[in-house]
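Work through these exercises with the model open. Each task is followed by a solution in steps.

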2 protein chains.
Amino acid sequence: MSSQAGTVRVPQEERTRAMRARLLEATVECLVERGFGGTSTTLVSERAGVSRGAQLHHFPTKNALVVAAVEHLTDVRAAELEKAAAALPTGPRRTRAVLQMLADHFTSPVFTAALELWVAARTDPALLAAVAPLEQRVGRETHRLTVDLLEADEARPGVRELVQATLDLVRGLGLANTITDDVRRRHRILDQWAATLDAALGATPQEDA
Amino acid sequence: MSSQAGTVRVPQEERTRAMRARLLEATVECLVERGFGGTSTTLVSERAGVSRGAQLHHFPTKNALVVAAVEHLTDVRAAELEKAAAALPTGPRRTRAVLQMLADHFTSPVFTAALELWVAARTDPALLAAVAPLEQRVGRETHRLTVDLLEADEARPGVRELVQATLDLVRGLGLANTITDDVRRRHRILDQWAATLDAALGATPQEDA
């Protein structure tokens with residue numbers, strides 16, 4: 001989007017990139033609104049305002065489209081998370097703020113779209129083959145980011161498992177939020193988790209180096 | 001099943017009950033093997049060996065069938081949990097054993113079938129109307145059981161939230177397990193959470209009455 005302003009002729013490469021982004025964003029919207037079963041390549045190309053031919057050229061199958069869409073939005077969201085991380089407070093309020101950031105991520109449309117993919121992949125071997133590597137990569141990256149944000153020292157016994165438990169907790173909260181509005185309960189749980197996590201991480205003294 | 005042995009004529013009521021149970025168990029098997037989208041009333045009646053007419057008489061729609069199936073299996077499983085609870089160790093190994101019991105529950109076929117329902121209900125208002133009350137009831141019952149098993153005193157600040165966090169954690173672990181075999185990672189996380197939970201619950205002294 002950035003290089004279009006002020007130019008008359010948009011380079012082909014830029015137009016292709018914008019069209020792909022429109023397709024991928026329309027796919028995530030479809031997954032969120034209609035679920036995996038209700039998402040079709042026809043519906044996506046209509047919503048994105050892209051011809052069927054162009055859509056099929058870039059993403060020949062529904063599986064290719066949905067996996068690319070969740071991967072694209074995950075990368076966009078990861079970049080947003082990295083940026084938001086810079087604004088996190090330091091000191092005693094930091095852990096709670098990190099948890100809020102993670103919980104916001106796991107209740108966002110990207111999580112919902114990914115959930116649709118995971119569940120569909122469970123009974124669809126071809127989709128599973130495409131989703132599993134993405135899921136592993138995203139899992140590793142989210143774990144690394146969380147370790148950094150919590151300034152956790154994984155060399156100490158139990159710290160790695162507490163970071164993993166934190167991510168499994170927010171994943172569980174994300175799932176609980178899919179069919180009920182769970183925001184108040186979630187806030188109280190995260191308040192308590194932050195206190196428990198600080199006590200547990202503090203029990204293994206940080207930064208003795 | 002119990003009253004059939006040694007009798008020549010099985011009472012009508014008993015036969016009806018057995019047929020319903022076969023239909024509901026076949027439905028859960030279908031949900032686990034083929035997902036919500038791949039489950040049909042025709043497939044279920046074939047698998048259960050029940051005529052279409054009889055099936056439609058008891059469960060006139062797919063939604064009625066899938067909700068009743070998850071409710072039935074949840075009740076069966078809850079009864080199993082209550083029974084298993086009697087065999088739990090007392091003393092320092094208890095918390096870890098409770099967590100294992102919960103994790104086993106949230107990685108069982110009942111959880112998988114329920115997950116299919118939750119995700120389908122997200123984009124299907126009629127299904128949501130039927131699933132939401134079931135989900136609330138099951139949530140309350142599982143919470144109460146967990147409080148009892150952990151011998152947690154919810155009158156103390158933070159204890160209720162720690163129990164909720166424990167259930168959200170095992171729900172997250174259940175979701176993580178749907179597309180990857182996660183058993184070793186899960187065990188390490190539960191070991192650590194048992195230690196952290198004991199420390200946190202112990203920090204608010206129990207049983208001062």
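**Exercise 1. Secondary structure of chain A**

Task: In this predicted model, how many helices and strands does chain A have? In what order do the elements run?

Solution.
- Step 1. Count the elements. Chain A holds nine helices and zero strands.
- Step 2. Read them from the N terminus. The order is α-α-α-α-α-α-α-α-α.
- Step 3. Add the dimensions. The C-alpha trace of chain A spans about 60 × 45 × 30 Å along its principal axes.

**Exercise 2. Annotated stretches**

Task: Which residues of chain A does UniProt list for "domain: HTH tetR-type", and which does the annotation "DNA-binding region" cover? What is the secondary structure of each stretch?

Solution.
- Step 1. Take the domain. The unreviewed UniProt entry lists residues 17-77 of chain A for "domain: HTH tetR-type".
- Step 2. Describe that stretch. Residues 17-77 of chain A are 80% helix and 0% strand. Their end C-alpha atoms lie 18 Å apart.
- Step 3. Take the second annotation. In the unreviewed UniProt entry, "DNA-binding region" covers residues 40-59 of chain A.
- Step 4. Describe it likewise. Residues 40-59 of chain A are 75% helix and 0% strand. Here the end C-alpha atoms are 12 Å apart.

**Exercise 3. α5 and α8 in chain A**

Task: At what angle do helices α5 and α8 of chain A cross, and which residues meet?

Solution.
- Step 1. Locate the helices. In chain A, α5 is residues 94-105 and α8 is residues 159-176.
- Step 2. Check the axes. They come within 9 Å and cross at roughly 45°.
- Step 3. Classify the angle. That crossing makes α5(A) oblique to α8(A).
- Step 4. Assign the hand. The crossing of α5(A) and α8(A) is right-handed.
- Step 5. List the contacts. L99(A), L102(A) and A103(A) of α5(A) meet T166(A), L167(A) and V170(A) of α8(A).
- Step 6. Sort them by class. The contact of α5(A) with α8(A) has five nonpolar residues, one polar and no charged.

**Exercise 4. Two packings in chain B**

Task: How are α1(B) and α6(B) oriented to each other? How are α5(B) and α7(B) oriented?

Solution.
- Step 1. Start with α1 (residues 12-34) and α6 (residues 109-122) of chain B. Their axes come within 9 Å and cross at roughly 75°.
- Step 2. Classify. α1(B) is therefore roughly perpendicular to α6(B).
- Step 3. List the contacts. V28(B), L31(B) and V32(B) come from α1(B). P109(B), T112(B), A113(B), E116(B) and L117(B) come from α6(B).
- Step 4. Sort by class. The contact of α1(B) with α6(B) has six nonpolar residues, one polar and one charged.
- Step 5. Move to α5 (residues 94-105) and α7 (residues 125-150) of chain B. They pack at an angle of about 160°, with axes 10 Å apart.
- Step 6. Classify. α5(B) and α7(B) are therefore roughly antiparallel. Their crossing is right-handed.
- Step 7. List the contacts. R94(B), T95(B), V98(B), M101(B) and L102(B) in α5(B) meet T146(B), L149(B) and L150(B) in α7(B).
- Step 8. Sort by class. The contact of α5(B) with α7(B) has five nonpolar residues, two polar and one charged.

**Exercise 5. Relating the chains**

Task: What rotation and shift superpose chain A on chain B?

Solution.
- Step 1. Recall the principle. Two copies of a chain are related by a rotation about an axis and a shift along it.
- Step 2. Read the values. A 180° rotation with 0.0 Å of shift along its axis superposes chain A on chain B, with RMSD 0.0 Å.
- Step 3. Name the relation. That is a two-fold axis.
- Step 4. Check the interface. 100% of the interface residues of chain A are also interface residues in chain B, so the copies meet through the same surface.

Definitions and conventions. Residues are numbered from 1 along each chain as its sequence is written. Chains are lettered from A and ligands numbered from 1 in the order in which they are written. This is a predicted model: local features need pLDDT of at least 70, side-chain atom pairs count only at pLDDT 80 or more; totals for chains, interfaces and linings use all residues. Side-chain values use heavy atoms; hydrogens and water are left out. Copies are superposed by least squares on the C-alpha atoms of residues with pLDDT of at least 70 in both. Contact means heavy atoms within 4.5 Å. UniProt positions are given in the numbering used here, feature names are shortened, and annotations may be inferred rather than shown by experiment. Helices (H or I, at least four residues) and strands (E, at least two) are DSSP runs, numbered from the N terminus. Axes are lines fitted to C-alpha atoms, for helices over the stretch in contact, and angles run from 0 to 180 degrees between N-to-C directions. Angles under 35 degrees count as roughly parallel, over 145 as roughly antiparallel, 65 to 115 as roughly perpendicular and the rest as oblique. A crossing is left-handed if the near helix is turned anticlockwise from the far one by less than a right angle, and right-handed if clockwise. Ala, Val, Leu, Ile, Met, Phe, Trp, Tyr, Cys and Pro count as nonpolar, Asp, Glu, Lys and Arg as charged, and the others, Gly among them, as polar.
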